Amino acid sequence: TSLENYKALSDTIIYNPGRYKPLFGNKAPENLRATFKIVKNPNVNVSDNDVISSTVAAINKYFDTANWDFGDTFYFSELSTYLHNVLAPNVASIIIVPTNTDVAFGSLMQINSQPNEIMVSAATANNVQIISAITAAQINQTLAGLGIVI
């Protein structure tokens, strides 16, 4: 309302509502839900629960709205780099796998938002899984449609 005091008589202020675009967790749309699969560093003695809670906390910090602008694009490579730096030396590798079987592996590597949307994480501990290695069985997705042979 304070802007109304500064506008000229002929000016018009148009208010456009913004909205959050939740990613990864149950509050996200089906096609944006994912599981973070993490391979722990075998040379470090750390519990699964510590890695999972640290991962969720780091993802939440990464998606702090102060770090994002409306219309920004999410790149998993940037999040992965951030997580590797924050979670070092406990984590050896991190991948993101869609939970929806109709969504192809790799589709969440880049997520665009509309000019009125700002991305936030809806990930919880249920969206983080510790795995022993990154294999086709661990990814649990059909890659044949992408022409990828593992």
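The exercises below concern a predicted model of a protein, each followed by a worked solution.

**Exercise 1. Overall layout**

State how many helices and strands the protein has, and the order in which its elements run from the N terminus.

Solution. Counting the elements gives three helices and seven strands. Read from the N terminus, their order is β-β-α-β-α-β-β-β-β-α. Two figures for the whole chain complete the description. Of the 150 residues, 36% are buried. Among contacts with a separation of 6 or more, 75% join residues 24 or more positions apart.

**Exercise 2. Helix α1**

Compare the span of α1 with the expected one, then determine where its buried residues lie around the axis.

Solution. Start with the length. α1 has 15 residues, which should span 21 Å at 1.5 Å a residue, and the distance of 21 Å between its end C-alpha atoms agrees with this. Next, list the buried positions: V51, I52, T55, V56, A58, I59 and Y62. Viewed down the axis of α1, these buried residues fall within an arc of 165°, so they line one face of the helix. The other side of α1 carries N49 and K61, which are exposed. Last, identify the cover: β2, β3, α2, β4, β6 (117-121) and β7 (128-131) are among the elements over the buried residues of α1.

**Exercise 3. Helix α2**

Repeat the analysis for α2, residues 76-87.

Solution. The twelve residues of α2 reach 16 Å from first C-alpha to last, close to the expected 16 Å. Buried here are F76, L79, S80, L83 and L87. Down the axis of α2 the buried residues occupy an arc within 100°, so they line one face of this helix. An α-helix has 3.6 residues a turn, so residues three or four places apart point the same way. The cover over the buried residues of α2 includes β2 (34-40), α1 (48-62), β3 (74-75) and β4 (91-98).

**Exercise 4. Packing of α1 and α2**

Classify the angle between α1 and α2, give the handedness of the crossing, and name the residues that meet.

Solution. The two helices pack at about 130°, and their axes are 10 Å apart. Angles over 145 degrees count as roughly antiparallel and those from 65 to 115 as roughly perpendicular; α1 and α2 are therefore oblique to each other. Their crossing is right-handed. On the α1 side the residues in contact are S54, T55, A58, I59, K61 and Y62, and they meet E78, L79, Y82, L83, V86 and L87 of α2.

**Exercise 5. The surroundings of I38**

Locate I38, decide whether it is buried or exposed, and list what it touches.

Solution. I38 belongs to strand β2. Its relative accessibility is 0%, so I38 counts as buried. Leaving out residues up to four places away in sequence, I38 touches V51, T55, V91, S93, I94, V128, Q129, I130 and I131. As for distance, I38 and A92 are separated by 54 residues in sequence but by 7.5 Å between C-alpha atoms.

**Exercise 6. Two backbone exceptions**

Describe the backbone at F24 and at the bond from A88 to P89.

Solution. Recall the usual case: most residues other than glycine have a negative phi, and most peptide bonds are trans. F24 has a positive phi, near 80°. This residue sits in the loop between β1 (19-23) and β2, and F24 is buried at a relative accessible area of 0%. The peptide bond from A88 to P89 is cis, with omega near 0°. P89 is in the loop between α2 and β4.

Conventions. Residues numbered from 1 in each chain as written. Predicted model: local features only at pLDDT ≥ 70, side-chain atom pairs only at ≥ 80, totals over all residues. Heavy atoms only, no water. Helix = DSSP H or I, 4+ residues; strand = E, 2+ residues; numbered from the N terminus. Expected span 1.5 Å × (residues − 1). Buried < 20%, exposed > 50% of the residue type's maximum accessible area, 1.4 Å probe, protein only. Arc of directions from axis to C-beta. Contact = heavy atoms within 4.5 Å. Axes fitted to C-alpha atoms, helices over the stretch in contact; angles between N-to-C directions. Parallel < 35°, antiparallel > 145°, perpendicular 65-115°, else oblique. Left-handed = near helix turned anticlockwise from the far one by under 90°.
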